[in-house]
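Visitor: I'm used to gels and assays, and I'd like to learn how to read a protein model. Could you walk me through this one?

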Amino acid sequence: MKVTFPHMGNTCIVVKALFEYLDIDFITPPVCSKRTLELGTKYAPELACLPLKINIGNFIESIEKGADTIVMAGGCGPCRFGYYAEVQREILKDLGYNVDLFVLELPNGDIQEFLRRVRKLIGRQSLWKALIAIKKATKVSIELDQLDKLSFQVRPREKVKGKTDWIMRKFQHQVSKVKGPENIIRLINETRKELEAIETDPSIAPLKIGIVGEIYTVIEPFTNFKIEQLLGSMGIEVDRSLNVSHWIVEHMIKQALHLRKHRPYEEAAQPYLSTMIGGHAQDTIGNSVLYARQGYDGVIQLYPFTCMPEIVAESILPAVSNDLDIPILTLIIDELTGEAGYKTRIEAFVDMLARRKERKLRNNEYVLSGN
């Protein structure tokens with residue numbers, strides 16, 4: 001059995017740590033590329049979400065490398081993620097691929113069925129070892145997100161432009177060669193020290209932008225055209241509201257164990273969206289409110305074309321923007337999105353934020369661009 005899984009940002013590093021600790025034979029899907037998207041677009045339904053199409057491309061590329069088993073998470077409505085597995089299974093079957101597809105849904109219902117699926121993956125290894133592996137992989141996810149957060153803070157302040165990007169690219173190259181969660185964490189720590197050693201300009205007070213939206217488009221850099229790196233190179237400090245560790249800890253582990261959750265965005269979203277409607281719509285609203293309260297200069301919402309929960313969130317965000325005086329830009333992404341137009345909208349938004357901030361500093365005196 002050779003297992004593969006969808007590619008979603010740093011999630012592949014977390015899964016790699018998990019599978020290597022459990023000695024599971026696996027194939028990491030190639031980094032998402034134009035070919036990945038073309039394969040998915042060719043075989044997926046036209047109006048399917050962009051993540052589903054890229055997943056199809058991931059699976060085909062992994063099958064070409066020898067994978068015969070696919071593992072992915074499940075979900076529930078009204079977000080269509082809950083249908084992904086079945087739709088993808090039928091597409092791959094129609095294409096003639098003979099693969100098993102396991103859906104590791106949260107054990108809210110049939111715990112025996114969930115354990116049966118886990119047992120098929122880990123073979124004769126004990127469930128205790130599987131729990132230790134989950135703990136170690138979760139630790140890797142937390143360290144990865146902290147490393148990303150540090151890069152978001154250093155990039156706009158670095159004196160030698162491009163140094164942060166170079167270190168992070170080196171990390172991505174090296175992490176594919178080390179094995180096991182301990183070695184991955186060791187590499188993360190070494191990379192963190194390199195980032196901390198970058199010479200920065202302490203006098204810089206960059207604009208701050210929060211990223212909200214649908215989790216796949218927020219986390220996967222191919223999908224969002226590396227928006228964090230783009231904004232950082234423009235001198236913007238970025239914060240990502242969704243990350244892999246939060247998803248694992250809050251939405252999987254705590255929910256499975258019925259532990260108290262830490263979701264401050266739920267309370268923040270109450271005046272605008274008091275209940276969970278699927279996907280990350282409530283996260284989008286609540287985190288936008290929190291960014292406004294924390295003094296961020298702007299918010300960017302990302303979501304794939306036809307994403308139902310984010311369409312609802314988008315309709316609410318103007319009220320958040322008006323009430324809390326924070327500009328919000330929505331970017332909808334599909335396979336036809338052009339990178340040049342996408343960057344132009346971001347640059348225009350950043351220019352507006354810069355002039356708005358400068359105007360505030362001059363006590364609302366009108367400011368012309370370039371003043």
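Guide: Sure, let's begin with a pair of strands. Strand β4 pairs with strand β6 (residues 298–304) in the parallel sense, over five bridges. Keep in mind as we go that this model is predicted.

Visitor: Which residue of β6 stands opposite Ile-209?

Guide: That's Gly-298. Now turn to another partner of β4: strand β5 (residues 236–240) also pairs with β4 in the parallel sense, again over five bridges. There, Leu-207 stands opposite Ile-236 of β5.

Visitor: In what order do the strands of this open sheet come?

Guide: Read across the sheet rather than along the chain. The order is β5-β4-β6-β7, four strands with parallel pairing. β5 and β7 (328–333) are the edge strands, and each has a single partner, so one side of each is left without a neighbour in the sheet. Direction ignored, neighbouring strands of this sheet are turned by 25° against each other on average.

Visitor: How many bridges join β6 to β7?

Guide: Six, and the two strands run parallel. For a pair to look up, take Leu-302, whose bridge partner in β7 is Leu-331. Then look at what packs on the sheet: helix α13 (residues 281–293) touches β4, β5, β6 and β7, and its direction makes about 170° with that of β4. Helix α15 lies across β4, β5, β6 and β7 as well, running at about 175° to β7.

Visitor: Why is β4 described as largely enclosed by the rest of the structure?

Guide: Here you need one cut-off: a residue is called buried when its relative accessible area is under 20%. In strand β4 (residues 207–213), six of the seven residues are buried, so the strand is largely enclosed by the rest of the structure.

Visitor: Let me try that on a helix residue. Is Asn-287 buried or exposed?

Guide: Asn-287 has a relative accessible area of 11%, so it is buried. This residue lies in helix α13, the helix we just saw packing on the sheet. Setting aside neighbours within four places in sequence, Asn-287 is in contact with Val-212, Ser-241 and Tyr-265. Sequence separation and spatial separation are two things to read side by side: Asn-287 and Arg-240 are 47 residues apart in sequence and 9.7 Å apart in space, C-alpha to C-alpha.

Visitor: And what is the order of the open sheet of three strands?

Guide: β1-β2-β3, with parallel pairing. The edges are β1 (3–4) and β3 (100–104), each with a single partner strand, so one side of each has no neighbour in the sheet. β1 and strand β2 (residues 69–73) run parallel and are joined by two bridges, with Thr-4 opposite Ile-70 in β2. Helix α4 (residues 81–94) packs on this sheet, touching β2 and β3, and its direction makes about 165° with that of β2.

Visitor: Which residues does Leu-121 touch?

Guide: Not counting residues up to four places away in sequence, Leu-121 touches Met-1, Val-3, Ile-24, Val-71 and Leu-104. Leu-121 sits in helix α5 (residues 111–122) and is buried at a relative accessible area of 10%. For a long separation, try Leu-121 and Glu-339: 218 residues apart in sequence, and 39 Å apart in space, C-alpha to C-alpha.

Visitor: What about Asn-55: buried or exposed?

Guide: Asn-55 is buried, with a relative accessible area of 4%. You'll find Asn-55 in helix α3, touching Pro-6, Tyr-84, Gln-88 and Tyr-216 once residues up to four places away in sequence are left out.

Visitor: Last topic, pockets. How many residues line the second largest pocket?

Guide: There are 44, and Val-31, Gln-172, Glu-220, Pro-221 and Lys-226 lie nearest its centre. Several elements give two or more residues to that lining: α1 (11–21), α3 (50–64), α6 (127–154), α7 (163–175), α10 (227–233) and α15 (339–361). The largest share, five residues, comes from α7. As for volume, the second largest pocket has about 1200 Å³.

Visitor: And what classes of residue make up that lining?

Guide: The lining of the second largest pocket has 19 nonpolar, ten polar and 15 charged residues.

Definitions and conventions: Residues numbered from 1 in each chain as written. Predicted model: local features only at pLDDT ≥ 70, side-chain atom pairs only at ≥ 80, totals over all residues. Heavy atoms only, no water. Buried < 20%, exposed > 50% of the residue type's maximum accessible area, 1.4 Å probe, protein only. Pairing = 2+ DSSP bridges. 1 Å grid on protein atoms, 1.4 Å probe; cavity = no way out; pocket = protein on both sides within 12 Å on 5 of 7 lines; lining within 4 Å. Points joined across faces, edges and corners; volume = space filled by probe spheres on them. Nonpolar A, V, L, I, M, F, W, Y, C, P; charged D, E, K, R; others polar. Contact = heavy atoms within 4.5 Å. Axes fitted to C-alpha atoms, helices over the stretch in contact; angles between N-to-C directions.
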